[in-house]
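Visitor: I am new to this structure and would like a close look at a single part of it. Please choose one place in a loop, and then work outwards until I can see how that place sits in the whole.

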Amino acid sequence: MKLKLLFLSCLLLAFMSVAMAQENQDDSLPARISKVNVHAEVVDSVRIAQIHWRISSDDGNGNDNIKEYVILRGAGIKGPFEERGRVPAGRDMFIDTLFRINDLEDSILALSTELAPSPITNLRGHDKDNDHGHAIDLLWDISADDGAGEDNVIAYTIFRADSLPNTFFYRGVVIKGGTSFDDVGSKEHESDSYMPDFYDYYYKVRATTFDYIPGTSDYYYVIRTVANDTSKFQDSNPALCNNSIFTDSEIFGPVQCYGQWFNTARIPVLVFVIGFLLVTIYFIKKARGGAKLFIRRLAGIEAVDEAIGRATEMGKPILYVMGLGVASEIATIASFTILGRVAKKVAEYQTGLIVPCYDPIVMTIAQETVKASYMDANRPDAYTDDMVYFVTQSQFAYVAAVNGTMLRELPATNIYMGKFFAESLILAETGALAGSIQIAGTDEIAQIPFFVVACDYTLIGEELYAASAYLGREPILLGSLKAQDYAKAGVIICALLGFVTINFGWDGLAQLFQVPNSFFANLFGGPN
Amino acid sequence: MKRQLPLILVFIFGVFMIFQYFVPHESSEWVFEFLLDWVYIIGIFALALGIWSLVRVSWDKIHKRKENWPYAIVTLFGLAAMIFFGFDYGRHFFSAEGLENFMFRHFFDYIMIPIQATMFSLLAFFIASAAYRAFRARSLLATLLLMAALIVMLRFNPYLGSFVAEYMEKTASWLLNVPNLAAKRGIIIGVGLGIVATALKVILGIERNYLGKD
């Protein structure tokens, strides 16, 4: 009771501290703009630069102290920069005039026309297959000056407009030779790249060269965020405006994106899951019917009883480590089952059990599991919540705590079941040094060799999942184990058939098992 | 009912999770993400239980003067101090700004991280002792393991002649890409099937040990 009062007092103190003095807002400088996009465009014979930016986090939010944005332009990345205009807070776009094409001398105009690359052709697009929407796949045929002709195309820039006539926005770039682009937008309404479904989109693809109109060059733009107190401002990083010669394609559109209700590329997985489910149900029914199912021997699991007996004789506790997995991981779920069986034996033999936990949810479930096992063994009085306790969610701090427990308590048996990472060898070697019998099981392939070396018995991979059925010997669990074995046999047969057919030059069988699977996607009519 | 309701919930949400894997539509994703948010919420409540468990076990050690009880004081002091400084003396109780608190950062950067690095560095010595045990040529299979390990390790030796180095590199690549990869894939397939089988057992209510007792 005193302890609870102390804990509650601590919590109360923490909450009371909220009422302490609020920190003065540091509004000395406005938040700078982190993202600026610039691209050149030709509108009514005027070459312009479209500058878009993500507004400052202090614009309408945060300190809410932004007065305006100042647009600065320089010929080099380090400046000097000259002011090109100002826009009030809340705006995220500015158009800057670069030059008027009609003002160019005839010879320069002729040269720039001559250097202009051929446009890409056959621009087409469709909704991206098997996705949640908000994405469009674009395809095109490359420019005649890409790898041939003038051979001066260096990249293709993709632009999108939400309606016509409207501003085209930069969406991405593909290097020369590229013939496709996935325009993937965000599904979040708040996002800058939000791309609503069932909306008409228009695209154009720009073939960009490395040639410049004489007298022009690239520019760099900086957006200055100015606070209400105009002496306080912050500049963004310079953003490049590529001013080289380019040619735009014909506009393609409208095209819409939308989400699909079934992912045809995952049909092989569905077939496998249904097949496996049917085989599992069949064997469970067979086992319930009294059929004797042969299950292979698992030395690691058979050693559990022996290890508990040894602990009882020595009067030492058993340390059960569930690893770093969270409760939703299958390895941890399998570990709960094994813990239940171990705890029941421990309760029957009246031996000590220590279960230090890495995750608080795992701790809560483990406490329930151990409590249930003690009740099953008619020893509820022997159970205390302190057997299963939370340590920390820091990997190596947890290792330090468990190692300390091993060296202080010198448990007769250490059982490691669940998800383990870099700590596996540190735990297992410390346990070996402490002279404990060690049984380990994990599905983390990289950690299995460490356990094999440092532990007396190791459950490799799926043996961890088989352990619960093996320990319980319940027909219903043995049935699922048998189904697993038959599925493995099926995988081996398919692998052998695939090996043979591929060596005979036919890869159709292998393609059936690919995920995502283009065979089924095409069969069910995905547009290409 | 106390036991049936959780099983019904597990079945409904388990089946939904299977279906949502095959349904990429935004609505399916929305429900999926909504359900995953529950995990965070449950985690936060469970964390309070975890802290309570840690406090109780440590306090019990101090109260009963168990072996090494002064370390429990350090544990409780560390817990309280990090919470106190993490909330920046209570000024940033509802924001993450307290994580930049001078004391919090110093405790974390100059105590926590070096201690963790020290624990991790122990791994080097444990690997050496484990390798010694693993590579003892006690049998034919152990000798093969030793030879394979020597080839894989020696390929990085800069003092090997170019001919030997090339031969070692090819042999090591073959060892890693053929027998080693085949064994790993075999385990991965087994693990995959085990995961599906266990997941089905949980969804169908066959595996229910994690529910505890009525």
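**A close look at A:T167**

Guide: A:T167 counts as partly exposed, because 15 C-beta neighbours lie inside 10 Å of this residue, where 12 or fewer would have made it exposed and 20 or more would have made it buried. The model is a predicted one, and everything that follows should be read with that in mind.

The place of A:T167 is in the loop between β8 (153-161) and β9 (169-175) of chain A. If its neighbours within four places in sequence are left aside, A:T167 is in contact with A:Q50 and A:A161. A:L138 can serve as a landmark: A:T167 and A:L138 are 29 residues apart in sequence, and their C-alpha atoms are 19 Å apart in space.

A second loop of chain A, the one between β10 (180-184) and β11 (201-209), holds A:F198. The phi of A:F198 is near 50 degrees, a positive value in a residue other than glycine. Most residues other than glycine have a negative phi. A:F198 counts as exposed, because there are 10 C-beta neighbours inside 10 Å.

From these loops we can step back to the domains of chain A, which are assigned as domain 1 (36-255), domain 2 (264-290 + 478-523) and domain 3 (299-473). Taken over C-alpha atoms, the centres of domain 1 of chain A and domain 2 of chain A are separated by 49 Å.

Helix α3 of chain A covers residues 267-288, and its 22 residues reach 32 Å from the first C-alpha to the last, close to the 32 Å expected at 1.5 Å a residue. The buried residues of α3(A) are A:I267, A:F276, A:V279, A:T280, A:F283, A:I284 and A:A287. After α3(A) comes A:G290, with a positive phi near 100 degrees.

The next thing to look for is the nonpolar interior. In soluble globular proteins, nonpolar side chains tend to be buried together. The largest nonpolar core here has 99 residues, and those with the most contacts inside it are A:Y320, A:C357, A:A366, A:V370, A:A428 and A:A467. Helix α5 (residues 330-349) of chain A gives this core its largest share, 11 residues. For A:V370, once neighbours within four places in sequence are left aside, the contacts are A:L339, A:A343, A:L353, A:V355, A:Y383, A:M387 and A:V388. Apart from that core lies another, of 21 residues, and among them are A:L138, A:I142, A:Y201 and A:C257. Our landmark A:L138 therefore belongs to this other core.

Seen as a whole, chain A has a secondary structure of 13 helices and 22 strands. Its radius of gyration is 34 Å, well over the 24 Å that the globule rule gives for 528 residues, so chain A is more spread out than a compact globule. Along the principal axes, its C-alpha atoms fill a box of roughly 100 × 75 × 40 Å. Buried residues make up 41% of the 528 residues in chain A, and among its contacts between residues at least 6 apart in sequence, 71% join residues at least 24 apart.

Some care is needed over confidence, for although chain A averages a pLDDT of 85 and 92% of its residues score at least 70, pLDDT stays under 50 over residues 15-27 of chain A. For that stretch the model has 16 contacts beyond four places in sequence. Where pLDDT is low, the predicted coordinates should not be read in detail.

Chain B, finally, has 6 helices and 0 strands. A compact globule of 214 residues would have a radius of gyration near 17 Å, but chain B has 26 Å, and its C-alpha atoms fill a box of roughly 65 × 50 × 40 Å along the principal axes. In chain B, 15% of the 214 residues count as buried, and residues 24 or more positions apart account for 29% of the contacts with a separation of 6 or more. Chain B is divided into domain 1 (1-66) and domain 2 (136-207), whose C-alpha centres lie 36 Å apart. In the loop between α2 (26-63) and α3 (69-86) of chain B lies B:R65, which has a positive phi near 50 degrees although this residue is not glycine. B:R65 is exposed, because 8 other C-beta atoms lie within 10 Å.

Terms used:
Residues are numbered from 1 along each chain as its sequence is written. Chains are lettered from A and ligands numbered from 1 in the order in which they are written. This is a predicted model: local features need pLDDT of at least 70, side-chain atom pairs count only at pLDDT 80 or more; totals for chains, interfaces and linings use all residues. Helices (H or I, at least four residues) and strands (E, at least two) are DSSP runs, numbered from the N terminus. The radius of gyration is taken over C-alpha atoms; the globule rule is 2.2 Å times the number of residues to the power 0.38. Two residues are in contact if their C-beta atoms, placed from the backbone, lie within 7 Å. Domain bounds come from an automatic or database domain assignment. The expected span of a helix is 1.5 Å times one less than its number of residues. pLDDT is the predictor's confidence in each residue, from 0 to 100. A nonpolar core is a set of buried Ala, Val, Leu, Ile, Met, Phe, Trp, Tyr and Cys residues joined through C-beta atoms within 7 Å.
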